[in-house]
Amino acid sequence: QVQLVESGGGLAQPGGSLTLSCVASGFSFNRYVMGWYRQAPGKTCELVASISDENRSTIYEEAVKGRFSISRDNAKKTVYLQMNNLKPEDTAEYYCNRPNVLVGLPCSRGQGTQVTVSS
């Protein structure tokens, strides 16, 4: 059974940092591109960052470039999202998934990890 378990969210002040983690199981993690999605209330689900399986090349959504960093540890079957210089508009529920072979709907898979940026 494929499982993706996100953690690390919380409340941060503008300009602060958080690191999200996603532990995967039930599939060959190192063979898949992994990504982080987010959905804020009233907004559509968006892919904010992805990292390839082999050469670990990364792609970022424009709004997070230079602030967010995605990485992976294949031995731990974990993908991370380091978020720096957080802004109120980063407030959202965050989910990890496999962009090329989705596990359910990326922002409707159940409970992700909530990030709230507020002073």
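**Strand pairing and the largest pocket**

In this predicted model, strand S3 pairs with strand S8 (residues 78–83) in the antiparallel sense, and the pairing runs over six bridges. Strand S3 (residues 18–25) also pairs in the antiparallel sense with strand S1 (residues 3–7), here over five bridges. A further set of strands forms an open sheet of six strands with mixed pairing.

Pairing around S3

- Within the pairing of S3 with S8, Leu20 has Leu81 in S8 as its bridge partner.
- Towards S1, which is joined to S3 in the antiparallel sense, Val5 stands opposite Val23 in S3.

The six-stranded sheet

- The order of strands in the open sheet is S2-S10-S9-S4-S5-S6, and the pairing along it is mixed.
- Its edge strands, each of which pairs on one side only, are strand S2 (10–12) and strand S6 (58–60).
- Neighbouring strands of this sheet are turned against each other by 25° on average, with direction ignored.
- Strand S4 (residues 34–39) pairs with strand S9 (residues 92–97) in the antiparallel sense over five bridges, and Gln39 stands opposite Glu93 in S9.
- In general, the strands of a sheet pair through backbone hydrogen bonds, in either a parallel or an antiparallel arrangement.

The largest pocket

- The largest pocket holds about 160 Å³ of space, and of the 13 residues that line this pocket, Arg38, Ala40, Lys43, Glu46 and Glu89 are the closest to its centre.
- Sorted by class, the lining of the largest pocket comprises six charged, four nonpolar and three polar residues.

Definitions and conventions
Residues numbered from 1 in each chain as written. Predicted model: local features only at pLDDT ≥ 70, side-chain atom pairs only at ≥ 80, totals over all residues. Heavy atoms only, no water. Pairing = 2+ DSSP bridges. Helix = DSSP H or I, 4+ residues; strand = E, 2+ residues; numbered from the N terminus. Axes fitted to C-alpha atoms, helices over the stretch in contact; angles between N-to-C directions. 1 Å grid on protein atoms, 1.4 Å probe; cavity = no way out; pocket = protein on both sides within 12 Å on 5 of 7 lines; lining within 4 Å. Points joined across faces, edges and corners; volume = space filled by probe spheres on them. Nonpolar A, V, L, I, M, F, W, Y, C, P; charged D, E, K, R; others polar.
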